[in-house]
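Here is a short report on one protein chain. Have a look at the sequence and the structure first, then read on.

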Amino acid sequence: MVRPFTRLCHTFRGNIRRQYPINHHHHHYLPYTKFCTQTEADLQGEKYNQLRKESIFWSACYSDAYLAKFYLADLNMFAHRKMLFFDVGANKGYTIAKGLSLWMPHLGINGIILGEFLRQKLKLKDCGICNECIEAGFINFKRDERVHTAIEIHAFEPQPSTYQVLTKMKRWMNSSFLHIHKVALSNQSEIRALRKCPAEFEQCALPTTSNLNERNTYQKIETEGFDPLVIQGAENILNRHQVRLFLFEYHGIHMWRTTTLYHVINDLGHKGYLCYRIGQTGCGEYLQTILVQPKSVEVPLGKTVVLDCTVFNQYGEIAWCKDGHCTMGRERPLYFIPRYEVIGDKQAGINSLKIRDVNLDDDGIYQCQIGRTIEAREVLSNFANLTVLIPPNQISLTYVPPGIAISGKEFKLKCEVLNARPSATFTWQIPTNTHIVNISQLNEPMTTNSKLLASISIITLVADISQHGQEITCEAAHVALNKSLTSTAIIAIDYQPVVKIVLKPTKMYEDKDYWFECTAESRPPITELVWKTNDTILQRISPIPDGRYPLHLTVTRQMHNQHLSCSALNSAGIAEDVMVLNINYSPTFKSFPSPYTLARVGDLLMLSCDVDSNPPANILWTKNGEFVGGGSQYQIPEVHENDYAVYACIATVGGQFTKIVASTKVVAPGPPRFYPPQPVLASRGSEVMLKCQLEKHIELTNSFWIFKNVTLINTMKYTVVPVRDIKTIPRYEMGLIIHNVQKNDFGEYECHVTNQYGTEYARLRLEKRSSHLLMQIAIYFTLLVLLSLILFSSYLCCHHAFQVDQKRITLGRMRRVQTWLQSKPSMWIHNLTAAEKIPLTVYDVNSGVTRTTLDPPVDIIECYVTMMDEQKRQNFNRPLLPPPLPPPILIDRMPFCNDDQSEQIYETADPTSWHIDV
């Protein structure tokens, strides 16, 4: 039988001793136990001999006491759960009947009932090796202590004859919980043929296939010598402790011949199972058990604590261990540790440890151990943590480096408490709508080997502008504190610039200047702002206090649909605002028909022109000036003679831009076509160039000149100019240069050209120029004289008209001055003697102030004497005053006498004051 502990020594069959090394690192073994001693092995051998003497029929057959104890230990443990029972090597099913009598007594099935069924119904006289057919089982077991659970049984039997017996037994029981499997369990996956066993003979089984994967509570193996293979195949479920009660046989046949019981027991021990040898007399060893386990406890500094350890059936000595050192408890009291004491009735198995005036040195892991003896194995208690409570003495809340919070990115805050035992627990109070990425906690010693802890909680948040200026609080709770420690910080969020283009034209035209403006606001302030179109930087601007950044831009058609962006940069990042430039620009042809288009009669004619403009152009087509269609393409499905004409593509964009026109002449394929040549005049001894021009509709393949039936080539006399394309007009041109023209060079020349459709030529004449040089000079001179006379007469007329107009204007102004002077009796003109050259002043007698001074003096001429004559006679006898100071700043200046440019009249800003300068 197997339970979750292991024993250290295994002896069997009398006084037989085996010494094997024990892995003392396994936590179920005492560190000082390494071998079974000779004395221990002898004592165990004597005990087994005594057991055999007490029962002469002692064999591998065992009592059912272990099963009853197992049942009582599980009372109410499996309520509402299904209990699994695996019977590997079920044989005739007596073990199944024994289990049903215990867990399902209401069925009334036990070994006696099953034996009768086998004898009467199946005619089998098989009572089992241990006479199970006469055992009543647990029918009369304490019915008031029943496990209320369902049971599910899986029986594995590979022998065909035995499998048939089990199948009939299942039908007889009429049980849905019993499952019969015609397989054998082993340590490998394969299929093999089984030897046929004689009737009622069990020891001929052979392992087949499967691994145990079911979760079960009770498993019995009886495979007639192949039990080690089944145990090995059940490796996974044994490691997972899915089997709580594990039963197998050892009898030295088949696999037991090459497998020692020690190795199997030792392997199960390493898996955490305890092995018992059971027989008719019951268990073969005594068991001391810890009934009251020590429990982990937290104690304030300076208090007293008691760790319990109560042992049932105690044989060994008590030893208390702290942090793995087992030096306390062998003596009472503990004289060498004054504050420690083992208390309780030792005879009753009470071995509690009392610690007074607890301090930080007492903090640790404690364990109660009961030593092993000849009669009983050692027992180890659970580990108990004694934690001394020391509250933290300070709390801090700081940023985790780099220590800045940037909007849209993660940042971390660290809350730290120091000098605490045990660690503190943290609670964070954060602004609403804050995204928490993670909260972690780290506990580490204050110093090396220190039991005081520094507890650190780190919260990771996603920064947002809305958090700026808000509070975040860290609260640290500790079992030794009545009130939590808190620390609060103000969140400062750095955010990348908020950029917006606030000024942008509603409509733009190419090659015009426009103003744009964008604003940028950020924390911290921006370091630079950049205007650019697509990837082309237009302007870099340093920070401006008001945060408004203008751009003066001359837009072009190439900028249409480009992205104009305003981007700003600070330590938190870069941001931009983008607008798409929508520029109106004039139409231009991206493609248009060639000047000539060839088309045969009956062909499909497709003319197209592609126009680039914004907004899109309206395209019209004309034929010899008459409208024929619209759109980027014009199509004639079948060309006729009347379709040969000049077609024009006209593109217009409303009334904003000038229309553009591209034309093509549709012609039929044929020989070259010449433009009619004109005669050329030349003088003897001169140099002249003859030209022939052709329509540019088909590429030429050959050209040459003929004069007087002679083909001309490049010589000292002639230079043949090859056919060239005139870029300015859609024509081809070929030429012939004649050097030092003589009398025999005059005459008719032929220019011949060839294309793929044929050859054509044109004639032009070189004629002698007439000499009338003197006549031409005379004509040119006469025309020049006539033109000069016409221009001089026009000048005289204009000059006279100008003088008359000037005199009329001057006289009008003089009359206004005279009228004004006459209305001012307090002012007069001094020394106005005809034809004298004198200074002229205007003086105010009442105030004694000179209103005007003419400095330097100027001539008085006839045109002014007449105007002033009457005024002179009236004021001749008045005294002459010295010249006054210069007048105030004069505003306007106008001509007074046209005959002499030095004579002027001035007008001040004051309309009541006139100053005359003669």
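## Salt bridges

The model is predicted. By the rule used here, its salt bridges number 21. Which residue forms a salt bridge with Arg421? The partner is Asp363, and the closest N and O atoms are 2.2 Å apart. This pair links distant parts of the chain. Arg421 sits in the loop between β23 (410-420) and β24 (425-429). Asp363 sits in the loop between β17 (352-355) and β18 (364-370). The two are 58 residues apart. Are these partners buried or exposed? Arg421 is buried because its relative accessible area is 17%, and the cut-off for buried is under 20%. Asp363 is buried too, with a relative accessible area of 3%.

A second salt bridge joins the side chains of Arg763 and Glu750, at 3.2 Å from N to O. Arg763 belongs to strand β53 (residues 758-768) and Glu750 to strand β52 (residues 747-755), so this salt bridge ties together parts 13 residues apart in sequence. Arg763 has 41% relative accessibility, so it counts as partly exposed. Glu750 has 16%, so it counts as buried.

## A pair and a network

The side chains of Arg765 and Glu767 also meet in a salt bridge, with 3.9 Å from N to O. That value still fits the rule, because the cut-off is 4 Å. Arg765 is partly exposed, with a relative accessible area of 39%. Glu767 is partly exposed as well, at 32%.

Some salt bridges share partners. In this way Glu748, Glu750 and Arg763 are joined into one network.

## The chain as a whole

Now step back. The protein chain has 918 residues, and 43% of them are buried. Its secondary structure comes to ten helices and 58 strands. About 50300 Å² of the chain is exposed. Carbon and sulfur atoms supply 54% of that area.

How do the contacts spread along the sequence? Take the contacts with a separation of 6 or more. Residues 24 or more positions apart account for 65% of them.

## Helix α4

Helix α4 covers residues 111-120. Which of its residues are buried? They are Gly111, Leu114, Gly115, Phe117 and Leu118. These residues lie on the same side of α4, because they cover an arc of only 160° around the axis. What do they pack against? The buried residues of α4 pack against α3 (94-103) and α5 (160-173).

Look also at the start of α4. There, a side-chain oxygen of Asn110 comes to within 3.3 Å of the backbone nitrogen of Ile112.

## Helix α8

Helix α8 spans residues 261-270 and is mostly covered. Seven of its ten residues are buried. The buried residues are Leu261, Tyr262, Val264, Ile265, Asn266, Leu268 and Gly269.

What follows this helix? Gly272 comes after α8, and its phi is positive, near 95°.

## A sheet of three strands

Strands of a sheet pair through backbone hydrogen bonds, either parallel or antiparallel. One open sheet here is made of three strands, in the order β30-β37-β40. The pairing is mixed. Which strands form the edges? They are β30 (508-509) and β40 (610-614), and each pairs on one side only.

Strand β37 covers residues 583-591. Two bridges join β30 to β37, and these strands run parallel. Across from Ile583 in β37 stands Met508.

## Pro431 in its loop

Pro431 is found in the loop between β24 and β25 (436-445). It is buried, because its relative accessible area is 9% and the cut-off is under 20%.

Which residues is Pro431 in contact with, leaving aside its neighbours within four places in sequence? They are Gln470, Glu471 and Ile491. Ile472 is 41 residues from Pro431 in sequence. In space, the two are 6.8 Å apart, C-alpha to C-alpha.

Technical notes: Residues are numbered from 1 along each chain as its sequence is written. This is a predicted model: local features need pLDDT of at least 70, side-chain atom pairs count only at pLDDT 80 or more; totals for chains, interfaces and linings use all residues. Side-chain values use heavy atoms; hydrogens and water are left out. Buried means under 20% relative accessible area, exposed over 50%, partly exposed in between (1.4 Å probe, protein chains only). Helices (H or I, at least four residues) and strands (E, at least two) are DSSP runs, numbered from the N terminus. The arc is that of the directions from the helix axis to the C-beta atoms. Contact means heavy atoms within 4.5 Å. A polar contact is a pair of N or O atoms within 3.5 Å; within protein, one must be able to donate a hydrogen and the other to accept it, and residues adjacent in sequence count only if both atoms are side-chain atoms. Accessible areas come from the Shrake-Rupley method with a 1.4 Å probe; for residues, only the protein chains shown count as cover. Two strands pair if DSSP finds at least two bridges between them.
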